[in-house]
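Q: I'd like to take a close look at one part of this protein with you. Could you walk me through it and then show me how its surroundings fit together?

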Amino acid sequence: MILNEKQLDAMKELGNIGASHAATSLSTMLMCEIEMTVPEALIVDISKISDYFGDEISALVVFEIQGELQPGGYVVLHLPKKSAIRLTNTMLGSSDEEREFNDMDESALLEVGNIMVSQFLDATATLLGIVMLPSPPAIAIDMAHAAFANVVSMIAGDINEIILFRTELKSKAHDIDSTIVMLPYEDTLGQILDLLDKLVSLKE
């Protein structure tokens, strides 16, 4: 799928709105300033996913998109291990950044992912004028490209491309990087782009 410049700009706006709401909810939960940016929004062939996610151990919090777009696809919050540990340390009162994940980390990451992705989907769905809700989350901890391969293997075969939103979270006290990835079914991706085209047309 090839997107024109207007569609890419509209997708970046969509990602920025969703990401800003997710950052605000995280800032409230952690009681510290969080900045989140969306420097790029890309359509990526699913066979090329390893080009974007390396072999660093990461945590992936996975949601199915529910609501008006059925089947909608999936949304994944990806955090490299160091960022995930820094994030859960702020919630669990720990300072050890070299430790391994435990059950409390996974529980905290599920909570963070649920809040962030709920806000992300709510904001983007409001912009599009539709309803999109997250399913209960699941978590995978593995090398990033391997974890994404497992997620992709769970999805029906008609997803060939994903919308990749790269987001970065920063605070004075912490250095946290994360990525929100949408894996819409092909029909859903087409509907999102149609809705974005209509929004762009209304502004002209």
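Where does Phe53 lie?

A: Happy to walk through it. This is a predicted model, and Phe53 is found in the loop that runs between β1 (35-45) and β2. Phe53 counts as buried because its relative accessibility is 3%, and the cut-off for buried is under 20%. Leaving aside residues up to four places away in sequence, Phe53 touches His78, Ala144, His145, Phe148, Leu164, Thr179 and Val181. One of these partners, His145, sits 92 residues away along the chain, yet the C-alpha atoms of Phe53 and His145 are separated by 5.3 Å.

Let's move on to β2, which spans residues 57-67. Ile57 joins Ile141 and Met143 in a nonpolar patch on the surface, and together they have about 200 Å² of accessible area. Ile141 belongs to strand β5 (residues 138-143). With a relative accessible area of 31%, Ile141 is partly exposed.

Ser135 is placed in the loop between β4 (132-134) and β5. Ser135 is buried, because its relative accessibility is 9%. Its contacts, not counting residues up to four places away in sequence, are Phe63, Glu64 and Gln66. With Glu64 there is also a polar link: the side chain of Ser135 reaches the backbone nitrogen of Glu64 at 2.8 Å.

Next comes Glu68, in the loop between β2 and β3. Again setting aside residues up to four places away in sequence, Glu68 touches Ile130 and Val131. Glu68 and Val131 are 63 residues apart along the chain, and their C-alpha atoms are separated by 5.5 Å.

Last, have a look at helix α2 (residues 81-92). This helix has twelve residues and reaches 16 Å from its first C-alpha to its last, close to the 16 Å expected at 1.5 Å a residue. Within α2, the residues Lys81, Ser83, Ala84, Ile85, Leu87, Thr88 and Asn89 are buried. Their cover includes β2 (57-67) and β3 (73-80), along with α1 (5-30), α3 (103-128) and β7 (175-184). Just after the helix, Gly93 takes a positive phi of about 75°.

To come back to where we started, Phe53 is buried in the loop between β1 and β2, and among the residues it touches are His78 and His145.

How values were computed: Residues are numbered from 1 along each chain as its sequence is written. This is a predicted model: local features need pLDDT of at least 70, side-chain atom pairs count only at pLDDT 80 or more; totals for chains, interfaces and linings use all residues. Side-chain values use heavy atoms; hydrogens and water are left out. Helices (H or I, at least four residues) and strands (E, at least two) are DSSP runs, numbered from the N terminus. The expected span of a helix is 1.5 Å times one less than its number of residues. Buried means under 20% relative accessible area, exposed over 50%, partly exposed in between (1.4 Å probe, protein chains only). Contact means heavy atoms within 4.5 Å. Patches are made of residues with over 30% relative accessible area and no salt bridge: like charges are joined within 9 Å, nonpolar side chains (Val, Leu, Ile, Met, Phe, Trp, Tyr) within 5 Å. Accessible areas come from the Shrake-Rupley method with a 1.4 Å probe; for residues, only the protein chains shown count as cover. A salt bridge is a side-chain nitrogen of Lys or Arg within 4 Å of a carboxyl oxygen of Asp or Glu. A polar contact is a pair of N or O atoms within 3.5 Å; within protein, one must be able to donate a hydrogen and the other to accept it, and residues adjacent in sequence count only if both atoms are side-chain atoms.
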